Amino acid sequence: MQAVLWDMDGTLVDSEKLWDLSLQELYRRLGGVLTPEVRAATVGGASGTVMRIVYDDLGLDPDPVAMARSADWLHDYTGELFAAGLPWCEGARELLEELAEAEVPMALVTNTRRVLTEQALHSIGRHYFSVTVCGDEVANAKPAPDIYRRAAELLGVTPNQCLVVEDSPTGAAAAEGAGCPVLVVPNEIEVAASPRRHQIRTLAGVDATALRMIHAELRAAPGPGEPRSSHRL
């Protein structure tokens, strides 16, 4: 394990509940009611994907200009909520501290736009991360693998040398597609099992040694389309 790549919303900070509030308010502005099923479909999604889901659910004309305005409003409103401070997910801050002290390179890898991510970093602490990559900085955001491949490239390591920490199906798919072993800590949405994913309920009590063991276990597992083998390096 040469690096740890962190998702932000729902993994490091419990900001998904703030996104719940802003999406509910957007629905009120657009004349609808957000259902739990639609909210679940948006978790971890990029801005454009979320707007397509919302407009399709409400039966609105998918006009690109209107959708862009809605996305901008959503991010501005969420930014106001972020400004009040972000609650940490259980065990996340302690693990960040330990990894930083051990000089393990870390990246923040999020579908959230750069402007809002910068605001969140005021609460989280940008000093933890050697690099940060946002969804509006790659050709295809999560669940595409681009964003995790880019983070590994910036750190000068291969995806297989990284352990990704994620909470959503969207993020886990992106990390696995990039070739990264994934530690899944589900927040609001159930995440399917996979040979390259290890699931735990919480980061509380997890230390750097545990992460290295998880990474070694997952790295030995077959990737997508590979046969199972106990001898894979």
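Which residue in E5 is the bridge partner of glutamate 166? Keep that question in mind as you walk through this predicted model; the answer turns up partway across the sheet.

**Stop 1: the whole sheet**

Start by switching to a cartoon view and selecting the strands. You will find an open sheet of six strands, paired in parallel and ordered E3-E2-E1-E4-E5-E6. Strand E3 (131-134) and strand E6 (197-199) are at the edges, where each has a single partner strand, so one side of each has no neighbour in the sheet. Turn the view to look along the sheet, and notice the twist, which averages 20° from one strand to the next. As background, strands of a sheet pair through backbone hydrogen bonds, either parallel or antiparallel.

**Stop 2: from E3 to E2**

Next, select E2 and E3, which pair in the parallel sense over four bridges. To see where they meet, show valine 109, which stands opposite valine 133 in E3.

Now keep only strand E2 (residues 106-110) selected: five of its five residues are buried. Is this strand covered on one face or both? Show the side chains and you can check that both faces of E2 are covered. Met106, Leu108 and Thr110 lie on one side, with Ala107 and Val109 on the other, and all of these are buried.

**Stop 3: valine 4 and its two neighbours**

Move on to E1 and bring E2 along; three bridges join this parallel pair. Select valine 4 and look towards E2, where methionine 106 stands opposite. Then look towards E4, where the bridge partner of valine 4 is leucine 163.

Strand E1 (residues 3-6) and strand E4 (residues 162-166) are paired in parallel over four bridges. Another spot to pick out between them is leucine 5, whose bridge partner in E4 is valine 164.

**Stop 4: E4 and the answer**

Select E4 by itself. Five of its five residues are buried, so to speak of it as mostly covered fits. Cys162, Val164 and Glu166 point one way, while Leu163 and Val165 point the other way, and all are buried.

Now add strand E5 (residues 182-184), which runs parallel to E4 and is joined to it by three bridges. Here is the answer to the opening question: the bridge partner of glutamate 166 in E5 is valine 184.

**Stop 5: aromatic pairs**

Leave the sheet and show the aromatic side chains. How many aromatic pairs does the structure hold? There are three, and two of them are on this tour. A pair of aromatic rings is described by the distance of the centres and the angle of the planes.

Select tryptophan 19 and phenylalanine 82. Their pair is edge-to-face, with 6.3 Å from centre to centre and 85° between the planes. This pair links distant parts of the chain, since tryptophan 19 belongs to helix H1 and phenylalanine 82 to helix H4, 63 residues apart. Both tryptophan 19 and phenylalanine 82 are buried.

For the other pair, select tryptophan 73 and tyrosine 77. The ring centres are 4.9 Å apart and the planes are at 20°, so tryptophan 73 and tyrosine 77 are stacked. Both residues lie in helix H4, four residues apart, about one turn of the helix. Colour tyrosine 77 by accessibility: at 25% relative accessibility, this residue counts as partly exposed.

**Stop 6: the empty spaces**

Rolling a probe the size of a water molecule over the atoms shows where empty space is left. Begin with the largest cavity, which has a volume of about 280 Å³. Of the 25 residues in its lining, those closest to the centre are Asp9, Trp19, Gly44, Gly45 and Thr112. Helix H1 (16-30), helix H2 (36-42), helix H3 (47-58) and helix H4 (64-82) are the elements that give two or more residues to this lining. By class, the lining divides into seven nonpolar, ten polar and eight charged residues.

Finish at the largest pocket, which holds about 160 Å³ of space. Select some of the residues that line this pocket, including Gly10, Thr11, Asp14, Trp88, Cys89 and Glu90. Then add others from the lining, among them Val185, Pro186, Asn187, Arg201, Thr202 and Leu203. Colour the pocket lining by class, and you should find five nonpolar, four polar and three charged residues.

How values were computed
Residues are numbered from 1 along each chain as its sequence is written. This is a predicted model: local features need pLDDT of at least 70, side-chain atom pairs count only at pLDDT 80 or more; totals for chains, interfaces and linings use all residues. Side-chain values use heavy atoms; hydrogens and water are left out. On a 1 Å grid over the protein atoms alone, a cavity is a set of points where a 1.4 Å probe fits but cannot get out, and a pocket is an open set with protein on both sides within 12 Å along at least five of seven lines; lining residues have an atom within 4 Å of a point. Grid points are joined across faces, edges and corners, and a volume is the space filled by probe spheres set on the points. Ala, Val, Leu, Ile, Met, Phe, Trp, Tyr, Cys and Pro count as nonpolar, Asp, Glu, Lys and Arg as charged, and the others, Gly among them, as polar. Rings of Phe, Tyr and Trp (its six-membered ring) pair if their centres lie within 6.5 Å; planes under 30 degrees apart count as stacked, over 60 as edge-to-face and the rest as tilted. Buried means under 20% relative accessible area, exposed over 50%, partly exposed in between (1.4 Å probe, protein chains only). Two strands pair if DSSP finds at least two bridges between them. Axes are lines fitted to C-alpha atoms, for helices over the stretch in contact, and angles run from 0 to 180 degrees between N-to-C directions.
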